[in-house]
Amino acid sequence: MSKKEKIFRTTKEVLKTAKRRKSSSTRWLQRQINDPYVRQAQAEGKRSRAAYKIIQIDEKYKIFNEGNSVLDLGAAPGSWTEVAIERAGGFVLAVDILDMDNIDRAVILKTDLQEEDSVGLINKLAVEKFD
């Protein structure tokens, strides 16, 4: 069985116990366990399954061009930022109120976008206009 076949297997895994969990939490966890994109993200070392969503969007609409500068707002956990670096390769600024692990070739700014000075910080960090 190849690596890809293991990721997209069709048998469902069932949670062994649901003690102290709400039924909605149990359903969410069940979906996560059986989601093929979650498995693929884990197998490929991506930060989340959201990476595959932005890849699909780029394949359909060609949103990234070589050398583009990208501003990623609400960037945590950083999977879209990683894809932007891979596909655009230009300056990438990731902004979020949450902490993020470092990402090679990206500038990460931890700030609340609702604060007035956050736009000024973004403008100071922007080397060039964002595409």
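1. Which pattern does the chain follow when read along the sequence? In this predicted model, the order of elements is α-α-α-α-β-α-β-β-α. The secondary structure thus amounts to six helices and three strands.

2. Some totals for the chain may be noted next. The chain has 131 residues, of which 32% count as buried. Among contacts with a separation of 6 or more, 34% are made by residues 24 or more positions apart. The accessible surface is about 9,300 Å², and carbon and sulfur atoms contribute 51% of that area.

3. On the surface, Ile-57, Tyr-61, Ile-63 and Trp-80 make a nonpolar patch of about 390 Å². One of these residues, Ile-63, is placed in the loop between α4 (50-61) and β1 (70-73). The relative accessible area of Ile-63 is 39%, and the residue is partly exposed.

4. The aromatic pairs number two. In one of them, the ring centres of Tyr-37 and Tyr-52 are 5.9 Å apart and the planes stand at 35°, so the pair is tilted. Tyr-37 belongs to helix α3 (residues 36-44) and Tyr-52 to helix α4, which means that the pair ties together parts 15 residues apart in sequence. The two partners may also be described by their exposure: Tyr-37 is partly exposed at a relative accessible area of 30%, whereas Tyr-52 is buried at 8%.

5. The structure contains six salt bridges. One of them joins the side chains of Lys-46 and Glu-86, with an N to O distance of 3.6 Å. Because Lys-46 lies in the loop between α3 and α4 while Glu-86 lies in helix α5 (residues 79-87), this pair ties together parts that are 40 residues apart in sequence. Glu-86 is exposed, its relative accessible area being 52%.

6. A salt bridge is also formed by the side chains of Arg-87 and Asp-58, at 2.8 Å from N to O. This pair links distant parts of the chain, with Arg-87 in helix α5 and Asp-58 in helix α4, 29 residues apart. Is each partner buried or exposed? Arg-87 is partly exposed at 28% relative accessibility, while Asp-58, with a relative accessible area of 7%, is buried.

7. Lys-110 and Asp-99 form a further salt bridge, in which the closest N and O atoms are 3.0 Å apart. Here too the pair links distant parts of the chain: Lys-110 is in strand β3 (residues 107-110) and Asp-99 is in the loop between β2 (92-96) and β3, at a separation of 11 residues. Both Lys-110 and Asp-99 are exposed. Elsewhere, salt bridges with shared partners join Asp-58, Glu-59 and Arg-87 into one network.

8. The last point concerns a serine. Ser-118 is located in helix α6 (residues 117-125). Its relative accessible area is 0%, so Ser-118 is buried. The side chain of Ser-118 reaches the backbone oxygen of Glu-115 at 2.8 Å. When neighbours within four places in sequence are left aside, the residues in contact with Ser-118 are Thr-111, Asp-112 and Leu-113.

Methods: Residues numbered from 1 in each chain as written. Predicted model: local features only at pLDDT ≥ 70, side-chain atom pairs only at ≥ 80, totals over all residues. Heavy atoms only, no water. Helix = DSSP H or I, 4+ residues; strand = E, 2+ residues; numbered from the N terminus. Buried < 20%, exposed > 50% of the residue type's maximum accessible area, 1.4 Å probe, protein only. Contact = heavy atoms within 4.5 Å. Areas by Shrake-Rupley, 256 points an atom, 1.4 Å probe, with all protein chains shown as cover. Patch = residues over 30% accessible without salt bridge, like charges linked within 9 Å, V, L, I, M, F, W, Y side chains within 5 Å. Salt bridge = Lys/Arg side-chain N within 4 Å of Asp/Glu carboxyl O. Polar contact = N/O pair within 3.5 Å; in protein donor to acceptor, adjacent residues only side chain to side chain. Phe/Tyr/Trp six-rings, centres within 6.5 Å; stacked < 30°, edge-to-face > 60°.
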